[in-house]
Amino acid sequence: MRITIDASSLSYPKRTGIGRCLESILPFLAARAAGRDEIILVSGRPIVNATAQALLSQGLITARTARVPSLYAWQQAGMAWQVKQASPDVHYAPDGLLPIGFTGKSVGVINDILWKRLPDTLPWHIRLVFALRQRASLRQLTIPLTLSDFTRRELLRAYGPMAARVRPTALCAVDADRFRPATAADAPALADFRRRHGLEGGYVLAVGNLMPHKNLAVALRALARLNRQGGAPARRLAIVGHGDSAAVTARLPPDADPATVTCLGYLSDEDVGLAYRGAEAFVFPSRYEGFGLPILEAMASGVPVAYADAASLPEAAGCAGIPFPADDDAALADILGRLAVDNALRERQIALGVERAAEFTWEACADSVYDVLHEASGCAPLRLPKVSIVTPSFNQAGFLTQTLESV
């Protein structure tokens, strides 16, 4: 089987969520394809992602790249030609968008309909591409996938019965080497991280930016409310992914101390892991996500999690996080205050989180994608199909052994 993959997200040094997911499953896909199938990355710019480059240098995958000024122009105009030249049995679209003129078998991941629900969040040209291509791609995809039941419901509301084919599939996980609880051996690296970023006094961590749906303002208000109560050193909020301190300060309540907020910006992989492991708690206040991967990353790092009870976040957290109404800074402040003083609560939430995060692995995600690619391609399946047999119970299953042997 020959597989092409839209690797646009691997052509930029700063990865989006889509890029991180693709990067994480790619080694496992390459391992499953070895000796059987061919994987070809297509993109409008050269691949710069280190994981993909390593696989390319080992000859486990190949790439066909172009050099165009606009990602979206290539994706909708040039990619169809590159894919056609590769003659794949199936094409994989991590963002769920197929190019104009594409023909053939395909699998795509429709991550969300943010462009439709919160249009002011995205630039006009991105909204235009999704407005023109998401519905058409959904109709054309051989097998459409999504990250959560929430997104499937969103698609059904937006597109009606044509979205009934969408399959919610576990496609997010955490790297257990990068995201793990802190140990004594981490002490020097954590001390150095805190020193470099001025976080010696401890901090609550958040991940995101100032886009409206990320809802960081509720975390800023909650920390300010908590600090007004006094009785303890002022708590600090550290934000990964946003580097404009002035823009964040402008959203603080008037009586809040700007020194209690640190914008860490875009960190290296090593520092991201340290940021999680060193945090006292993690806050994810987003109003709209297709899944909510940072919740799992924090849980795997042994950090208690408070998350907005919105969109897909309850699906990501399971019973391991503490929810709060998305705009209720008082409720969030109460959660953070309790986590700071109630050791039993804190330890319980940490244990639940570690257990929850362990349920998700990138290897299992890659298995799901690979099986669906085989199914969509029409090629012979890699594994025999699973068979379910329902049989009535007689005499308290007294004849169960004979029944199984007869099957």
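**Exercise 1. Work out which helix gives the most to the lining of the second largest pocket, and describe that pocket.**

Solution. Start with the top contributor: helix 1 leads the lining of the second largest pocket, with 5 residues. Bear in mind as you click around that this is a predicted model.

Next, get a feel for the space itself, which comes to about 410 Å³. There are 26 lining residues, and Val174, Asp175, Ala176, Phe179 and Trp362 are the closest to the pocket's centre. Now check who else chips in: the elements giving two or more residues are helix 1 (17–33), helix 11 (293–300), helix 14 (343–357) and helix 15 (362–377).

Last, sort the lining by chemistry. You should end up with 14 nonpolar, 3 polar and 9 charged residues.

**Exercise 2. Find how many cavities of 30 Å³ or more the whole structure holds, and say what lines the largest cavity.**

Solution. Rolling a probe the size of a water molecule over the atoms is the way to see where empty space remains. Do that over the whole structure and 1 cavity of 30 Å³ or more turns up. The largest cavity has a volume of about 40 Å³.

Its walls are made by Leu220, Leu223, Ala224, Leu237, Leu252, Ala256, Thr260 and Val261. Helix 8 (residues 216–228) supplies the largest share of that lining, 3 residues. By type, the lining of the largest cavity splits into 7 nonpolar, 1 polar and no charged.

**Exercise 3. Decide whether the faces of strand 10 are covered or open, then do likewise for strand 12.**

Solution. Here's the handy rule first: side chains in a regular strand alternate between the two faces of the sheet.

Take strand 10 (residues 261–265), where 5 of 5 residues are buried. On one side sit Val261, Cys263 and Gly265, on the other Thr262 and Leu264, and both faces are covered. As for its pairing, strand 10 runs parallel with strand 9 over 4 bridges. In one of these pairings, Val240 has Gly265 of strand 10 as its bridge partner.

Now strand 12 (residues 305–308). Val305 and Tyr307 are buried on one side, and Ala306 and Ala308 are buried on the other, which leaves both faces covered. Strand 12 pairs with strand 11, again in the parallel sense, over 3 bridges. Look for Phe282 opposite Val305.

**Exercise 4. Say how many residues of helix 10 are buried, and what covers them.**

Solution. Count along residues 269–277: 7 of the 9 are buried, so helix 10 is mostly covered, taking under 20% relative accessible area as buried. The buried set is Asp271, Val272, Gly273, Leu274, Ala275, Tyr276 and Arg277. The cover includes helix 7 (187–197), strand 8 (204–207), strand 9 (237–240), strand 11 (281–284) and helix 11.

**Exercise 5. Locate the largest nonpolar core and explore the surroundings of Tyr92.**

Solution. In soluble globular proteins, nonpolar side chains tend to be buried together. The largest nonpolar core here has 102 residues, with Ile5, Leu41, Tyr92, Val107, Leu205 and Ile295 making the most contacts inside it. Zoom in on Tyr92 and skip neighbours within four places in sequence: its contacts are Thr4, Ile5, Asp6, Leu22, Ile25, Val107, Val109, Val369 and Leu373. A second, separate core has 28 residues, among them Ile40, Met79, Trp115 and Leu138.

**Exercise 6. Explain why Lys14 counts as exposed.**

Solution. Lys14 lies in the loop between strand 1 (2–6) and helix 1. Its relative accessibility is 56%, and the cut-off for exposed is over 50%, so Lys14 makes the grade. Also try a distance: the C-alpha atoms of Lys14 and Ser268 are 9.7 Å apart, with the two positions 254 residues apart along the chain.

Definitions and conventions: Residues are numbered from 1 along each chain as its sequence is written. This is a predicted model: local features need pLDDT of at least 70, side-chain atom pairs count only at pLDDT 80 or more; totals for chains, interfaces and linings use all residues. Side-chain values use heavy atoms; hydrogens and water are left out. On a 1 Å grid over the protein atoms alone, a cavity is a set of points where a 1.4 Å probe fits but cannot get out, and a pocket is an open set with protein on both sides within 12 Å along at least five of seven lines; lining residues have an atom within 4 Å of a point. Grid points are joined across faces, edges and corners, and a volume is the space filled by probe spheres set on the points. Ala, Val, Leu, Ile, Met, Phe, Trp, Tyr, Cys and Pro count as nonpolar, Asp, Glu, Lys and Arg as charged, and the others, Gly among them, as polar. Buried means under 20% relative accessible area, exposed over 50%, partly exposed in between (1.4 Å probe, protein chains only). Contact means heavy atoms within 4.5 Å. Two strands pair if DSSP finds at least two bridges between them. A nonpolar core is a set of buried Ala, Val, Leu, Ile, Met, Phe, Trp, Tyr and Cys residues joined through side-chain atoms within 4.5 Å.
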